[in-house]
Amino acid sequence: MADDVRSIAVEGMARVEGEGSLHVSVRDGAVADVSLDIFEPPRFFEALLRGRHFTEAPDITARICGICPVAYQTSACTALEAACGVTVDSRIQALRRLLYCGEWIQSHALHIYLLHAPDFLGCADAVELAERDRAGVARGLAIKRTGNELMTVVGGRSIHPVNVRVGGFWQAPTREAVAALAGPLDQARQDALATVAWVAGFDFPDVESDYRFVALHTGDCYPVESGRVVSRGLLDATAEEFSYRVVEEHVARSTALHARIDGELTYLTGPLARYALNSRLLPEVARRAAAEAGLEEVCRNPFRSIVVRAVELVFACDEALRLVEGYEPPDPPAAACSAPDTGSVGAGASEAPRGLLLHRYELDGRGMITTARIVPPTSQNQRAIEEDLRRVVTSSLSLDDPELTLRCEQAVRNHDPCISCAAHFLDLTVEER
Amino acid sequence: MSTGPRIVIAGLGSEYRRDDGAGVAVARALADRLGPGSDIGPVGEPLDLLGRWDGAELAVLVDTVRSADPPGTIQVVELGTAAPTGPAPAAGSPRSSHGIGLVGVLRLARAIGTAPRRVVLVGIVGSEFGAGEGLSPAVRRAVTEAVDLVAGLPEIEAVRCA
């Protein structure tokens, strides 16, 4: 029908410390426009960091996010250690990876059980899900609690850890405290395996996207706290080299920055990308769980990201357990770091639960930060999410407006951006003329 | 505090947003007064109550509230045993996509059967919520009153005397 317009306008989309909105416009049966607008608070942190001593960056940047503070701390530490010309020893690296596993466990359990699963089961929210599946939600909360415990033991507290510093840690946890995590982690691994089986049984829309995946890659283990930035046929770069390839641009309709490689190429980071580029490096227990869930080595269906996230949950529990069993307290707990008096530059990247997080700093001869650049996963994924929305709406035009709105929300939540509020925060208005 | 029925006292809020730190101040003062053996302290976010308060006889939650009442007014709300109404988990705050508000957490705990038997919310009406540390005079006075009020709850007195 000529001039048939469906307009989905979602105002006041919530995210951590920011606001966003979603607009979809359908004209004459085709998607005319899709925009996901996000107001990015991390830009303020970049300005805030200028003039601060480099040792302050991990604690300042941790405050950007209450869900993934370890990601911010780790990327800041690795960037600043690079600026100082320091390589931390294997014990510090292992402890850093252990802390990061705690964050993955906490964040993935939260997203899978409280934010994402209700979408697939027709529940309004996690409470309705809990009323239907009490044991299931209790299992998810128990997994999350184990992540919290791990972060408390290694990081000093479960939100915004206080034990991280450039070069390593302020204090190494005792062997006894770390060993006490083994039991809960073993249970969490069992629960994570049950999680994979649970989410694998959900119904998934038959949608595939031709993503350009970007993730860290180490060659010998699943990437978490370090690695080279890789994209098949396109990238194999250090964090510093990647910082020149990723170009962020301001988009007039919001304060959000959109990231593209070389200023042109849309790409995706996060669980789907990590898995696609590293699935062969998963431990046996996680690979077996993935295979039993029907995942191949690459998954391009964004709705099945919940399965990939569950497989990563198995990995994080298993990896944490391995690190706990092999724990040797680093002594000293941190490598000495001092900034060269000639000034210096350093970049670092790590895998936040929802995607690659890049930090880059320039220091003057006194170790003061003169330039800071932080490229968060949501900024990098924003264009890919918009492309997903366009694809999903195109294939779902037969749905009525409430169903189409839900499908759009789900398409956003597939990537666990900070804007993915679990319950129905979206209001739909339909205009036809 | 000696052993007895499990009691959890949690202070909610941020010490770095002026009067929003009242709950944390009350929790810290109570920890000093009641001594070891009690589960008293700040809680970073309501979601952290899950697990911590599971199966408790009493949970006392102290937080700053906005109200038409004068700053420093103490409001005590018994949350009762009926399922509370209010925003669903993760929809409680327009500023957070990942946080779950107190009502949402209580609903969730009741749905999975881990909620404390009794939940008492002690609210202190605040007036200044800008960045920075330090409570306004009225709220600072109310913190002292709230500490006495919570310490005088029958369950807590009974445990202290046991």
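The legends below describe close-up views of a predicted model with chains A and B.

**View 1. Chain A as a whole.** Chain A is built from 14 helices and 13 strands. Of its 433 residues, 63% are buried. Among contacts in chain A with a separation of 6 or more, 70% join residues 24 or more positions apart. The accessible surface of chain A is about 15,600 Å², and carbon and sulfur atoms account for 48% of that area.

**View 2. Chain B as a whole.** Chain B contains five helices and five strands, which follow one another from the N terminus in the order β-α-β-α-β-β-α-β-α-α. Half of the chain is buried, that is, 50% of 162 residues. Residues 24 or more positions apart supply 77% of the contacts in chain B with a separation of 6 or more. About 7,000 Å² of chain B is accessible surface, with 53% of it on carbon and sulfur atoms.

**View 3. The largest nonpolar core.** This core holds 141 residues. The residues with the most contacts inside the core come from both chains: Leu98(A), Leu114(A), Ile306(A) and Tyr361(A) from chain A, and Trp53(B), Leu61(B) and Leu108(B) from chain B. Helix 4 of chain A (residues 90–120) provides the largest share of this core, with 15 residues. A second core, separate from this one, has 24 residues, including Ile7(B), Val62(B), Val122(B) and Val147(B). In soluble globular proteins, nonpolar side chains tend to be buried together.

**View 4. Surroundings of Ile306(A).** Ile306(A) is one of the residues with the most contacts inside the largest nonpolar core. With neighbours within four places in sequence set aside, Ile306(A) touches Ile112(A), His116(A), Ala117(A) and Phe120(A), and also Val199(A), Phe202(A) and Phe204(A).

**View 5. The second largest cavity.** The structure has three cavities of 30 Å³ or more, and the second largest encloses about 50 Å³. Its lining consists of Leu268(A), Thr269(A), Gly270(A), Pro271(A), Leu272(A), Ser305(A), Arg309(A), Arg354(A), Asn381(A), Asn414(A) and His415(A). Helix 10 (271–278) and helix 12 (305–325) of chain A are the elements that each contribute two or more residues to this lining. Sorted by class, the lining comprises six polar, three nonpolar and two charged residues.

**View 6. The cis peptide bond at Pro332(A).** Asp331(A) and Pro332(A) are joined by a cis peptide bond with omega at about 5 degrees. Pro332(A) sits in the loop that runs between helix 12 and strand 11 (344–352) of chain A.

**View 7. Positive phi at Asp262(A).** Asp262(A) is not a glycine, yet its phi is positive, near 55 degrees. The residue lies in the loop between strand 10 (257–261) and helix 10 of chain A. Asp262(A) counts as partly exposed because its relative accessibility is 37%, a value between the 20% and 50% limits.

**View 8. Positive phi at Arg18(B).** In chain B, Arg18(B) has a positive phi of about 45 degrees, although it is not a glycine. Arg18(B) belongs to the loop between strand 1 (7–12) and helix 1 (22–34) of chain B. The relative accessibility of Arg18(B) is 23%, so this residue counts as partly exposed, the limit for buried being under 20%.

Definitions and conventions:
Residues numbered from 1 in each chain as written. Chains lettered and ligands numbered in written order. Predicted model: local features only at pLDDT ≥ 70, side-chain atom pairs only at ≥ 80, totals over all residues. Heavy atoms only, no water. Core = buried A, V, L, I, M, F, W, Y, C linked by side-chain atoms within 4.5 Å. Buried < 20%, exposed > 50% of the residue type's maximum accessible area, 1.4 Å probe, protein only. Helix = DSSP H or I, 4+ residues; strand = E, 2+ residues; numbered from the N terminus. Contact = heavy atoms within 4.5 Å. 1 Å grid on protein atoms, 1.4 Å probe; cavity = no way out; pocket = protein on both sides within 12 Å on 5 of 7 lines; lining within 4 Å. Points joined across faces, edges and corners; volume = space filled by probe spheres on them. Nonpolar A, V, L, I, M, F, W, Y, C, P; charged D, E, K, R; others polar. Areas by Shrake-Rupley, 256 points an atom, 1.4 Å probe, with all protein chains shown as cover.
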